[in-house]
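Let's take a walk through this structure together, one stop at a time. Keep the 3D view open and follow along as you read.

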Amino acid sequence: MSAALAQERGELRRASVRRMGVPFVLLTGGKGGVGKTTLAANLGVELARAGRKVLLVDLDLGLGNLHVALRLSPRASVEDALAGRRRLEDCVVAGPCGVHVLPAGSGNPVMAESDDERRLQLRDALAALAPRYELLVGDSAAGIGPDVLAFATCADHVLAVTTPDPAALTDAFGLVKALGCFAHETGEELPTPELVLNLVSGVDEAGALHRKLSGVCQQFLSRSPRLAGWLPRAPGV
């Protein structure tokens with residue numbers, strides 16, 4: 001293993017050593033456009049409607065759009081907190097039905113770069129903020145970048161959102177593989193991601209897709225992702 005690779009893995013490990021203290025659900029997806037932000041937004045709103053104290057966290061630090069999905073106009077974001085311009089709790093805004101939202105910035109290339117110090121800073125600040133809530137719901141960036149891997153190791157549940165599209169299914173397998181490799185290489189305990197199938201035609205297609213993807217994961221990764229749920233294609237969204 002090269003010194004550079006060893007250093008990178010060491011940085012990822014140091015960025016993944018602390019849980020949040022309250023239940024933390026991370027929604028992610030190997031491919032963009034599968035609906036994870038829409039699902040995260042609606043999940044947070046419905047939990048808040050049911051009386052839960054929920055913090056929705058946009059963890060796509062370079063291209064955050066969770067606030068757009070909820071039609072919010074925040075004055076500050078995670079980017080401001082990491083730059084020292086605001087406290088993290090001062091960046092939280094109220095959303096529909098009482099859900100609280102921590103927005104991310106958008107369009108700053110620096111925020112999209114891998115930065116171990118920034119991840120540690122954000123995760124420590126989130127861990128300090130989390131006890132004010134009953135549940136944290138995070139919306140990650142798409143793909144298998146360092147931020148996705150590091151925050152997945154903080155989560156109690158990782159929901160991998162995908163669709164019937166062959167590219168999306170392939171990327172979902174790649175996500176499960178990457179998370180498993182990361183956990184093995186760093187010695188972290190990482191739950192096997194649970195699948196959420198979006199834009200399916202019905203229960204039969206959802207079942208068939210789950211069996212297919214779970215079977216491939218079992219054969220090649222020795223992991224069997226359970227089906228957390230499925231959602232139909234809905235023009236009303």
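Val-101 is buried, because its relative accessibility is 0% and anything under 20% counts as buried. Keep in mind as you look around that this is a predicted model. You'll find Val-101 in strand β4, which covers residues 100–102. What does Val-101 touch, once residues up to four places away in sequence are set aside? There are leucines, namely Leu-55, Leu-56, Leu-66, Leu-70 and Leu-72, and then there are Cys-91, Val-92 and Val-93. Asp-58 makes a handy landmark here: 43 residues separate it from Val-101 along the chain, yet their C-alpha atoms are 7.9 Å apart.

Now slide back along the chain to helix α2, residues 36–49. This helix has 14 residues, and going from its first C-alpha to its last you cover 20 Å, close to the 20 Å expected at 1.5 Å a residue. Which of its residues are buried? They are Lys-36, Thr-37, Leu-39, Ala-40, Ala-41, Gly-44, Val-45 and Ala-48. After α2 comes Gly-51, with a positive phi near 100°.

Next up is a pair of helices. Two packed helices can be described by the angle between their axes and by how far apart those axes are. Here the pair is α8 (residues 166–186) and α9 (residues 203–221), whose axes come within 11 Å and cross at roughly 40°. That angle makes α8 oblique to α9, and the crossing is right-handed. If you want to see where they meet, pick out Leu-169, Ala-172, Phe-173, Val-176 and Lys-177 on the α8 side. Their counterparts in α9 are Leu-209, Leu-213, Val-216, Cys-217, Phe-220 and Leu-221.

Stay with α9 for a moment, since His-210 is found there. Is His-210 buried or exposed? It counts as buried, because its relative accessibility is 18% and the cut-off is under 20%. Leaving out residues up to four places away in sequence, His-210 touches Leu-195, Leu-197, Gly-215, Pro-225, Arg-226 and Leu-227. Gly-207 is in α9 too, and with a relative accessible area of 18% this glycine is buried. Leu-197, one of the residues that His-210 touches, sits 10 residues from Gly-207 in sequence and 9.5 Å from it in space, C-alpha to C-alpha.

Over in α8 there's another histidine to look at, His-184. This one counts as exposed, because its relative accessibility is 70% and exposed means over 50%. Arg-123 lies 61 residues from His-184 along the chain, and 21 Å separates their C-alpha atoms.

Last stop: the cysteines. How many disulfides does a search of the whole structure find? Zero. Two cysteines help show why. The sulfur of Cys-154 has its closest cysteine sulfur in Cys-181, 19 Å away, which is too far for a bond. For Cys-181, the closest cysteine sulfur belongs to Cys-217 at 12 Å, again too far for a bond. A disulfide would need the two sulfur atoms within 2.5 Å. As for their surroundings, Cys-154 counts as buried at 1% relative accessibility, whereas Cys-181 counts as partly exposed at 37%. You've already come across Cys-217, among the α9 residues that meet α8.

Notes. Residues are numbered from 1 along each chain as its sequence is written. This is a predicted model: local features need pLDDT of at least 70, side-chain atom pairs count only at pLDDT 80 or more; totals for chains, interfaces and linings use all residues. Side-chain values use heavy atoms; hydrogens and water are left out. Buried means under 20% relative accessible area, exposed over 50%, partly exposed in between (1.4 Å probe, protein chains only). Helices (H or I, at least four residues) and strands (E, at least two) are DSSP runs, numbered from the N terminus. The expected span of a helix is 1.5 Å times one less than its number of residues. Axes are lines fitted to C-alpha atoms, for helices over the stretch in contact, and angles run from 0 to 180 degrees between N-to-C directions. Angles under 35 degrees count as roughly parallel, over 145 as roughly antiparallel, 65 to 115 as roughly perpendicular and the rest as oblique. A crossing is left-handed if the near helix is turned anticlockwise from the far one by less than a right angle, and right-handed if clockwise. Contact means heavy atoms within 4.5 Å.
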